[in-house]
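Biologist: I'd like a close look at one spot in this model, and then a walk outward from there. Which residue of chain A comes closest to the rotation axis?

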There are 4 protein chains.
Amino acid sequence: MGIKLGANRYGKAETRVVVVRRHPDRHEVKDLNVSVALSGDMADAHISGDNSKVLPTDTQKNTVFVFARKYGIGEIEEFAIILAKHFVDSQLSVYQARVAIDEYAWDRIVLPGDGAVHSFSRSGTAAVRTAVVHYDGTKAHVVSGIKDLILINSTGSEFWGFLTDELTTLKETHDRILSTVVTAGWRHTDNTADPHRTDWASSFREASHHLLAAFADTHSYSLQQTLYAMGTRVLDRRPELCEVRLELPNKHHFAVDLTPFGLDNSNEVFIAADRPYGLMEGSVLRDDAPDAGQAWS
Amino acid sequence: MGIKLGANRYGKAETRVVVVRRHPDRHEVKDLNVSVALSGDMADAHISGDNSKVLPTDTQKNTVFVFARKYGIGEIEEFAIILAKHFVDSQLSVYQARVAIDEYAWDRIVLPGDGAVHSFSRSGTAAVRTAVVHYDGTKAHVVSGIKDLILINSTGSEFWGFLTDELTTLKETHDRILSTVVTAGWRHTDNTADPHRTDWASSFREASHHLLAAFADTHSYSLQQTLYAMGTRVLDRRPELCEVRLELPNKHHFAVDLTPFGLDNSNEVFIAADRPYGLMEGSVLRDDAPDAGQAWS
Amino acid sequence: MGIKLGANRYGKAETRVVVVRRHPDRHEVKDLNVSVALSGDMADAHISGDNSKVLPTDTQKNTVFVFARKYGIGEIEEFAIILAKHFVDSQLSVYQARVAIDEYAWDRIVLPGDGAVHSFSRSGTAAVRTAVVHYDGTKAHVVSGIKDLILINSTGSEFWGFLTDELTTLKETHDRILSTVVTAGWRHTDNTADPHRTDWASSFREASHHLLAAFADTHSYSLQQTLYAMGTRVLDRRPELCEVRLELPNKHHFAVDLTPFGLDNSNEVFIAADRPYGLMEGSVLRDDAPDAGQAWS
Amino acid sequence: MGIKLGANRYGKAETRVVVVRRHPDRHEVKDLNVSVALSGDMADAHISGDNSKVLPTDTQKNTVFVFARKYGIGEIEEFAIILAKHFVDSQLSVYQARVAIDEYAWDRIVLPGDGAVHSFSRSGTAAVRTAVVHYDGTKAHVVSGIKDLILINSTGSEFWGFLTDELTTLKETHDRILSTVVTAGWRHTDNTADPHRTDWASSFREASHHLLAAFADTHSYSLQQTLYAMGTRVLDRRPELCEVRLELPNKHHFAVDLTPFGLDNSNEVFIAADRPYGLMEGSVLRDDAPDAGQAWS
């Protein structure tokens, strides 16, 4: 019986590249966190310490900066595809590349007149935009997404009729706060490796809008139901997408019992709890969605 | 030679109270983190374990919820004054109360038509609004403020002509990125303990606007200069304030050297560094500012 | 073309349960963070808002506390199996349970004489012990592990002979610091659902010792090689295990260039960098390891 | 009425310097986080953007590395004094320097035989050792300390006989868990600027031992009482110290009510809560302690 190397990958994580586009009349800022992971013919490196097939993670970092300068940074999906193709197509020992990018949004500071030309504050509502690309020499799986998006419904949420056992003490409720922090990804059906094949900007803008709208529009009987509604709405409206995966913590807000003080509390005063919290994870997808391959790994 | 008790205070920190104002046609959400600290005749508790002058921190927490229900939560300065007065005025053993409140802002989700009536996403640009009140039975010092406000100027910042010694290697620069995360407090001149004495909402809105505007409008020769300009502008425009204190980390963005790759980089591609960072702290105040007492402690 | 529900699970995350074992002469403390995730016949909950097959996450939390009281908490693998079996075996709609537990270690405070009987400080070196159990009604996959284990070798690490391209600028090195934060899991071959089938305590103690020993004993030509050596050593010495997965960030320590100051630096003074960092992920397994099923998900 | 600059300081924060002492038979690692803040004749920099009296923070960083190489790093108090003196004594415009250092401890990895010679794991129990030095050209105030030290007493803690008002609902308890995360500083009486004037290592070792011992030995009627006992014990045993300041959060552990399930719970099963938490802050000092000056700022 022997011991062998299983699946593995390596790369430079969290290269923080900021690009200023210096237009004559105003600046734009692109602010990214880029993580690269490569896999391929890496057994020697692990087993015998022979690094001759290992492209250093330092080189991967250099590549991020050089490509930012040479090609600029457009949409993050595009930049991720360009980077992933480079590593696989230029190195025999690299069979697959995963490039994951987080983008932090900046809002132009509002001033009387035209607004600031080179001054920005970090956006909040837009949360963090994400993209993960897997490229294997032929196909480029793209998952776009969003994270750290904090939402609350102050009503329009119920939870009752649930399964009970002898340890169940939860009361049914027909009105509660529903609050979550969205982590969502949506998979693009098209796998061709052309970085310009999709209008990534409008796809992201629309998909994230529909997530928000479904959260707001759904009268909820559970966070699972809200999750499914969010995924369904995105797929309904965006034909270029085939699957949505959501991770939704249920950030509990408990109505405070004020009866010891002779006061009622008709869902006005809540305590926001940290832990424990519910956690809902789910996928919503088309009947004919192509195989996901490594897209979500 | 003896050992004695020095300055001390105690209280319940970080009570997370969320209040929903249920208007007929729409909801509003107030989302606060309230920390109370009391001091006074507490020697026995420390020295002999006699708790008869100690109002439990649990009671302080109850008080936050009960007052939220009874009086509602208006502006955080007002709520902090009401709480601080309660503890000092109702308990002989409590000589001074400090109430610090952080407020998290929520934006109404934008939908086609009128916008969501009870759905919100956490704001970013507004950062976290803060208030710290010290009440001693007579006066109520109020410091309003903001924190976690992330700013960047993509140009308009220089740093040269500085002092050098034999360990100085820094190059002078006439164009750099200037980025910071603002923690700021501004002290109100009026110390009377009336919770309604000031239009807290407009005072906050204007003061924080002027901080942003000064950051954007100042052609900067150092972050110290920007700090002073921010403080000065707030005091210039807001007569109700007498002192501004700022804590501004200099979040370094270094232009990447691309010459090894035959490329120039005219301040377009930067790496955002984590540590170390510069840290500027400073106070700007009026000549005739009254004594701050415990306001900043 | 329709839209359907894909893989999903839900549960109560991060229930923080602390158990005091009150022996006559001394106390012991078990300090856990328990996360439960259930899956099964949950389509109705997602699609129509019918919760009749959903055991509330609140009940899952209650179960953690009640089982802690009824059965005590022995080794975390055992407690996880008992919980996982309960949910699947008692509810028709639950087909699979995942129970993940983090354990925080406490050291008895050392005093002159016998040591404290009920006073403890949080351990560091032991890091956080982890266990993840998947139970499907028949088999119980168990992955034990460790996380937040911070290690450094001050020498005995090289990196040279690597692949280069036109963007490579990294210098070869024959002596560097190697530092990482270990996240590791090791899979037990036996899948039977008996909570007492293994001596979990000694298995954990030995496996984590061998991880540390391999890190210390390996003269490293790359972090990949160290990763493989760590996995191999654990499998070599622990016949009950069939696979080790490791996630090892390369926390770079750069020797500071002191030549501008007329000083050499023969690997004595380093700057510890935050980002970017290398990231190595890999699996080491036996030739005849059984199928992992959902064990790692 | 004019506007003026108030108190200010600036410097390089969080320079992460790691020093390897390469002895023939074994290595030692010193791992520090150094923050420098300077103040003095800095009005021009703030008001007119004239930087001629500003020593760049980059130079401060260089100085940390160069001094680490030239003088080595002994005890952190010593290294902080040497740095602080350098900045004030070498620059006319710098009147005062504050140098704050955190030290992360590393344990030698235990192997069969003699133990590893160059392999270490990050210590936990020792928490983070701290030192803050203020030097003004004449005196060097030194505050040594510790932070992130997590402690628990599983019994030996009561809380009853407290003040009540109409909002008090807390039950008295004669047995509870007491848990905290210690942040403590202790001020050295001697202010002379000689870096070698004290045996810093044994002073730290003993002071932190007595903190732990007092926590373990005190039968507690409140966390305030434990705080006072901790401070008193350190001063009783360490004549070189004149004041101890402590910040002790009360990390609540609530016994879970299991009566709905027909079970008792005699203080065996607890839930560890995150927020809110109690927070006790206090100073214990000698009658004849010299003036603290800026020591704690």
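Modeller: That's S297(A), whose C-alpha lies 5.3 Å from the rotation axis, closer than any other residue of chain A. Keep in mind that this is a predicted model, where local features need pLDDT of at least 70, side-chain atom pairs count only at pLDDT 80 or more, and totals for chains, interfaces and linings use all residues. Residues are numbered from 1 along each chain as its sequence is written, while chains are lettered from A and ligands numbered from 1 in the order in which they are written.

The axis itself comes from laying chain A over chain C: turn by 180 degrees, shift by 0.0 Å along the axis, and the RMSD is 0.0 Å. The superposition is by least squares on C-alpha atoms of residues with pLDDT of at least 70 in both copies. What you get is the relation of a two-fold axis. Both copies also use the same surface, since 100% of the contact residues of chain A recur in chain C. Here "contact" means that the C-beta atoms of two residues, placed from the backbone, lie within 7 Å.

So what makes up that A–C contact? It takes 70 residues from chain A and 70 residues from chain C. On the chain A side, the elements giving two or more residues are strand 1 (3–13), strand 2 (15–22), helix 1 (43–47), helix 2 (57–71), helix 5 (223–237) and strand 13 (277–286). (Helices, H or I and at least four residues, and strands, E and at least two, are DSSP runs numbered from the N terminus.) Strand 1 of chain A gives the most, with eleven residues. By class, the chain A side holds 29 nonpolar, 26 polar and 15 charged residues. In that count, Ala, Val, Leu, Ile, Met, Phe, Trp, Tyr, Cys and Pro are nonpolar, Asp, Glu, Lys and Arg are charged, and the others, Gly among them, are polar.

There's strand pairing across the two chains as well. Strand 13 of chain A runs antiparallel to strand 1 (residues 3–13) of chain C, over nine bridges; two strands pair if DSSP finds at least two bridges between them. One place to look is Y277(A), whose bridge partner in strand 1 of chain C is A13(C). For comparison, the contact of chain D with chain A takes six residues from each, and the chain D side has three nonpolar, one polar and two charged residues.

Now step back to the whole of chain A. It has five helices and 13 strands, and its C-alpha atoms fill a box of roughly 75 × 70 × 40 Å along the principal axes. Of its 297 residues, 56% count as buried, meaning 20 or more other C-beta atoms within 10 Å of a residue's own (exposed is 12 or fewer, partly exposed is in between, with C-beta atoms placed from the backbone). Among contacts between residues at least 6 apart in sequence, 65% join residues at least 24 apart.

The domain assignment, which is automatic or from a database, gives chain A a domain 1 (1–138) and a domain 2 (145–297). Their C-alpha centres lie 28 Å apart, and twelve residues of domain 1 are in contact with 14 residues of domain 2. Helix 3 (76–90) and strand 7 (128–135) of chain A each supply at least two residues of the domain 1 side. That side divides into five nonpolar, two polar and five charged residues.

To see a strand 7 in detail, hop over to chain B. Seven of the eight residues of strand 7 (128–135) there are buried, so the strand is largely enclosed by the rest of the structure. Strand 7 of chain B pairs antiparallel with strand 4 (94–104) of chain B over eight bridges, and A97(B) stands opposite Y135(B). Strand 7 of chain B also pairs antiparallel with strand 8 (140–153) of chain B, again over eight bridges, with A131(B) bridged to S144(B). Four residues sit between the strands of this hairpin, in which G137(B) takes a positive phi near 100 degrees.

Back in chain A, D194(A) sits in the loop between strand 9 (178–188) and helix 4 (200–217). D194(A) is exposed, having 11 other C-beta atoms within 10 Å. It is 55 residues from K139(A) in sequence, and 9.3 Å from it in space, C-alpha to C-alpha.

How confident is the predictor? Chain A averages a pLDDT of 92, and 98% of the residues score at least 70; pLDDT is the predictor's confidence in each residue, from 0 to 100. The complex gets an ipTM of 0.92 and a pTM of 0.92.
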